[in-house]
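Could you walk me through this model in my viewer, one selection at a time? I would like to know what to click on next and what I will find there.

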Amino acid sequence: MSNRLDSLNSKKPGTNASKPLLKFKPKVVTRKTQDERAKDAPTQVKEENVDRKPSQRGRGSMRGARGGRGRGNYAGTRLVSSGPLTEGSVSLGMNSTRNTIKREPGTSSSSPTPDFLQNLKVKREESVAKANSDESDSEDDGTKINMNRDYNFEEENVLFPIRPVRENDTSNEESGAESKETSPALVESRSATPMEKSQSPVKEEHIEDQLNKIKEYKAELETKITDSGDKLRKEESEKIESDFKQIVNQINNEFSEISLDETESGTSKDYMVIHLPSILPEFKRSSIVKDEDVKDENMKDEEVSVENLKEEDVKMIDEEPTRTKLAADIPNLRGRIGSLNIHKSGKISINLGNDNNLVVSKAAPANFLQELTLIDMKDTQHGDVEVTENDQKVAGSYYRLGKVNDKFIAIPSFN
Amino acid sequence: MSDRNELFVDEEENLDSGMVSDDTGSFHEANEELLDDDPIVESISLVMNQVPHPSTQSLHLIQYVGKPKTTSLDDQNISGSIKEESNYLELNVPLDTSRFYDETRAEEWEAQVTENSLRGVFDKTSGGLYAAHFVISNGTKKMVLVPIDSTTQIRSSFKYLDEIDMKKNSSTVNWMEPTKQSKMHILQTSGKNAQSNTSDGSTSHALGDTLKHVKKFEEEDWSALRIVEPNHADSEQVRREIANNADDLILETETRMDEYLDTLINT
């Protein structure tokens with residue numbers, strides 16, 4: 001046999017590796033006799049705070065006071081109060097500069113002695129007896145509150161919350177004075193660096209300069225804000241003016257390009273599109289201009305019918321003719337409805353009569369080709385049907401009337 | 001104090017007297033300016049007119065979206081066709097094969113593309129859009145407005161590509177025909193359903209309506225249009241009729257501006 005310990009892996013015959021060798025042996029605690037406890041009790045420590053009142057804090061004390069499980073176990077024992085938690089005062093501050101909360105004087109954290117517990121037991125029995133004899137006494141006690149009863153407290157009789165007494169520590173003032181006293185020394189020590197001293201007056205001047213600069217910059221910005229508003233207005237008015245000029249030029253060009261015939265009449269080659277409100281004021285036919293020299297023969301038939309209508313003073317939109325399938329449902333209005341006015345300022349307006357004024361402006365230009373066409377669908381039921389080379393029947397005519405150059409918009413004037 | 005008072009009173013009196021004396025003339029001028037704030041320099045008569053024969057004629061604004069504004073189609077031999085029930089227009093504009101035309105690709109496709117087919121739908125207006133025509137009649141200027149019935153944006157349809165595909169797949173057309181017939185049957189039922197919904201007053205199904213329109217479009221035959229060039233005598237005649245048919249009639253309104261604005265706002 002060697003002196004070395006047995007290996008952990010070494011298996012003894014008859015033992016199983018999966019089962020541990022340890023066995024649980026419960027330790028039976030036996031109660032010591034009174035003499036043994038007296039022997040073990042530390043006799044060298046004497047009770048110093050005998051005259052102090054017992055504290056309400058701590059588990060042991062409450063248990064003892066209420067006669068709980070450990071009642072009577074403290075007989076013959078002596079409690080020792082030692083350690084940092086046995087101190088009487090509770091300090092919340094870090095140092096003396098803060099306010100501290102102190103307990104009322106006369107309280108201590110020492111555990112109650114058996115004598116105290118005995119006295120407490122006697123007192124409690126007395127209080128129970130009192131409570132049985134007179135309920136009002138127990139209610140007036142102030143320590144117990146019956147939740148099933150309404151209390152009419154006087155204003156002065158404030159029960160809770162109970163605030164701890166806050167005392168302004170005089171040491172704080174003293175420490176403040178000390179700090180004041182020490183501050184010059186600190187300043188002196190700081191003033192050892194010469195840069196701060198030399199820079200301090202310069203800095204003040206710099207701040208004033210900066211303030212002045214900020215004020216100037218603010219004034220500049222304010223002027224810019226007002227200027228920008230004026231600029232926007234200027235740009236807008238210039239744009240409107242240029243639009244008016246373009247419209248006037250366009251109209252003049254159209255009229256100038258008209259080739260007049262012998263009667264000083266003619267039409268422009270190209271067209272413009274003008275967008276009026278979809279609803280126009282209600283018009284009535286009032287009169288007919290008598291100028292037979294101008295009229296064609298085709299117009300004479302219409303003149304008769306118009307005269308008849310004048311007598312009846314019928315609305316213009318009287319009988320809607322049957323329209324082709326390609327036509328939109330728009331009112332059938334014919335005649336002079338007003339005038340296009342060019343003002344001195346360059347503004348262009350449309351007067352529809354009875355002070356119904358529209359302001360004309362230019363629409364967004366189109367970059368693609370636009371043409372005005374008139375489609376005339378033949379009455380195939382009565383006429384002869386033409387057929388093209390591709391055996392397609394000719395349904396109608398497509399008249400290309402001319403290009404559309406520009407688009408104007410007329411909106412009601414709210415002035 | 002007396003000196004100050006005198007000085008103060010003198011200044012006020014001087015100011016008042018000056019104001020009265022100067023403003024006697026300028027006040028009336030200002031009033032005149034308010035009355036004739038912006039005097040009318042020129043006035044042109046505004047005449048509303050219609051197409052000569054509304055039962056058969058309608059006015060349209062054709063927008064060639066793919067062609068720049070400077071393009072001129074005056075000398076082009078344009079052919080056109082229409083599907084009146086479907087509100088569909090087709091214009092065939094000849095292509096310039098001398099420039100930017102790939103002959104080899106045309107040979108490869110075995111198709112000589114010589115026309116640009118432009119198609120578009122007549123988008124009817126709700127009123128308010130007018131064609132303005134400038135006319136001088138006996139030396140007096142007037143602007144004639146004619147309401148436009150629709151605007152039509154026409155774009156290239158590239159139908160020659162479909163025709164090439166149809167040629168290539170001509171061999172498979174025979175066995176594709178039965179399925180085509182079944183498809184047509186489905187479209188027909190969808191169209192009927194949509195029609196029944198609208199007749200009941202309930203909301204019509206969008207897909208059903210679309211399929212109905214597609215079916216209607218496919219079933220309708222193209223009808224040819226006789227294109228009349230702008231310089232043609234017939235076009236000139238139509239232009240004259242539009243320009244001079246309504247200048248003898250004078251229309252007046254009793255509607256005040258505030259009433260007119262109210263009607264515009266409330267509608």
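**First stop: a serine in a strand**

Select Ser397(A), which you will find in strand E10 (residues 394-412) of chain A. Keep in mind as you go that this is a predicted model.

Is Ser397(A) buried or exposed? Its relative accessibility is 5%, and because the cut-off for buried is under 20%, Ser397(A) counts as buried.

Now show what surrounds it. Setting aside neighbours within four places in sequence, Ser397(A) is in contact with Leu374(A), Ile375(A) and Asp376(A) from chain A, along with Leu225(B) and Arg226(B) from chain B. Add Arg226(B) to your selection: its side chain and that of Ser397(A) are joined by a polar contact of 3.3 Å.

**Zoom out to chain A**

Colour chain A by secondary structure and you will see 7 helices and 10 strands. Of its 415 residues, 22% count as buried. Switch on the surface: chain A exposes about 32,700 Å², with carbon and sulfur atoms supplying 49% of that area. Among chain A contacts between residues at least 6 apart in sequence, 60% join residues at least 24 apart.

**Over to chain B, coloured by confidence**

Chain B has a mean pLDDT of 76, and 73% of its residues reach 70 or more. Pick strand E9 (residues 150-156) of chain B, where confidence in the chain is highest at 92, then helix H1 (residues 2-35) of chain B, where it is lowest at a mean of 43. Residues 1-7 of chain B have pLDDT below 50 and make 0 contacts beyond near neighbours in sequence. Residues 9-35 of chain B are also below 50, with 1 such contact.

For the complex, the predictor gives an ipTM of 0.74 and a pTM of 0.55.

Terms used
Residues are numbered from 1 along each chain as its sequence is written. Chains are lettered from A and ligands numbered from 1 in the order in which they are written. This is a predicted model: local features need pLDDT of at least 70, side-chain atom pairs count only at pLDDT 80 or more; totals for chains, interfaces and linings use all residues. Side-chain values use heavy atoms; hydrogens and water are left out. pLDDT is the predictor's confidence in each residue, from 0 to 100. Helices (H or I, at least four residues) and strands (E, at least two) are DSSP runs, numbered from the N terminus. Contact means heavy atoms within 4.5 Å. Buried means under 20% relative accessible area, exposed over 50%, partly exposed in between (1.4 Å probe, protein chains only). A polar contact is a pair of N or O atoms within 3.5 Å; within protein, one must be able to donate a hydrogen and the other to accept it, and residues adjacent in sequence count only if both atoms are side-chain atoms. Accessible areas come from the Shrake-Rupley method with a 1.4 Å probe; for residues, only the protein chains shown count as cover.
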